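Open the model in your viewer and keep the selection panel at hand. The stops below go from the domains to the ligand and then to two helix pairs.

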Amino acid sequence: MSERGNYEAIRKSILELLDQPEYDDGSVGPVLVRLAWHSAGTYDAETDTGGSNGAGMRYEAEGGDPANAGLQHARVFLEPVKAAHPWVTYSDLWTLAGCVAIEAMGGPKINWLPGRTDFVDDSKLPPRGRLPDGAKGVDHVRNVFTRMGFNDQEIVALSGAHNLGRCHTDRSGFEGKWVHSPTRFSNQYFRLLTRLEWKPKKLNNGVLQFVHVDEDLDEGLMMLPTDMALLSDPGFKEWVLLYADDKAAFYADFANAFAKLMELGIQRDAQGKVVNSDNLKGGYHS
Ligand code: CCH
């Protein structure tokens, strides 16, 4: 019997590759979450361009965007899954891998739907520069996420993904992790953001980030300027404070916002079938 359409088999293959003791903090989960987010986060609601359909990061135009530096590791980690289940599209695989990783690391269940295509529609290709720049401030963060169709509450909920993983000097120029246990999903990011005192620090490469005032005692925890921006704007701060105190609210709101992120640019009919897939004009199949 053909395995085609058996997404449980894909989930299982993804779960099997998450633990990798040699890699970062012992799990490839965080970088898979970032791959899923960057595959979708190029979306522009006004022009209906970008988004996860097409898995454009396979190609230099999108894959070579400096914002995507390091995500080739995530894509390579997933190659054996694609090889074992060649019927799955890259766009479904990358988005599903992010969701499976979140759940496996203790996060909420994400309502994920299949049906994305690897058909590249030239007219939908996003220009570079659509993903957020960690060195910037409140207006930039709000503009980038509003362009995708998110409100303040959703922006803050999504930002809670920085509970996972770390920054790498050779990828973004920033260095360090946000929380003590970067492979366990929780609301620790919001608690540390609100309860610790943070001071700016210029790294040797000239990049400015924020570190805990007792950084010698505190495992080098860090925040990006964009993370600090969530505290300096009242519309964002209200949600930061809520999520720091209410883990259940954060989990529920994160699950909704991440599911919405994974669906950006995907149009479905009443049965959930994707309608803007390979009948698109002007594109090409890989
Ligand atoms: Fe992020 N993120 N992110 N982020 N991110 C980085 C790492 C992760 C920004 C910048 C950075 C989201 C929002 C933002 C993850 C998930 C999400 C890094 C370090 C930078 C810089 C990259 C490196 O050096 O490897 C900025 C700016 C914003 C918004 O303004 C959202 C939304 C999500 C998901 C919902 C995850 C996970 C990581 C860790 C990756 C890893 O390799 O460990």
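**Stop 1: the two domains**

In this predicted model, 26 residues of domain 1 are in contact with 22 residues of domain 2, where contact means that the C-beta atoms of two residues, placed from the backbone, lie within 7 Å. To colour the two parts, select 7–131 + 256–284 for domain 1 and 138–253 for domain 2; such bounds come from an automatic or database domain assignment. The centres of domain 1 and domain 2, taken over C-alpha atoms, are separated by 23 Å.

Residues are numbered from 1 along each chain as its sequence is written. As this is a predicted model, local features need pLDDT of at least 70 and side-chain atom pairs count only at pLDDT 80 or more, while totals for chains, interfaces and linings use all residues.

Stay on the side of domain 1 that touches domain 2. Here α2 and α11 (247–262) are the elements that give two or more residues, and α2 gives the most, with six residues. Helices (H or I, at least four residues) and strands (E, at least two) are DSSP runs, numbered from the N terminus. By class, this side of domain 1 has 14 nonpolar, eight polar and four charged residues. Ala, Val, Leu, Ile, Met, Phe, Trp, Tyr, Cys and Pro count as nonpolar, Asp, Glu, Lys and Arg as charged, and the others, Gly among them, as polar.

**Stop 2: the ligand**

Select the ligand and the 25 residues that surround it, each with its C-beta atom, placed from the backbone, within 6 Å. P30, P132, A161, G165 and S172 are the closest. Two or more residues of the shell come from each of α2 (29–40), α7 (152–159) and β2 (166–167); α2 supplies the largest share, five residues. The shell divides into 13 nonpolar, eight polar and four charged residues. Both domain 1 and domain 2 give residues to the shell, so the ligand lies between them.

**Stop 3: α4 and α5**

Next, select residues 71–84 (α4) and 90–104 (α5), whose axes come within 11 Å and cross at roughly 125°. Axes are lines fitted to C-alpha atoms, for helices over the stretch in contact, and angles run from 0 to 180 degrees between N-to-C directions. This crossing makes α4 oblique to α5; angles under 35 degrees count as roughly parallel, over 145 as roughly antiparallel, 65 to 115 as roughly perpendicular and the rest as oblique. Show L78, V81 and K82 of α4 with Y90, L93, W94 and A97 of α5, which make the contact. Six of these residues are nonpolar, none polar and one charged.

**Stop 4: α8 and α10**

Finish with residues 188–195 (α8) and 234–245 (α10), where the axes come within 8 Å and cross at roughly 120°. F190, R191, L193 and T194 of α8 meet V240, L241, Y243 and A244 of α10. This contact has six nonpolar, one polar and one charged residues.
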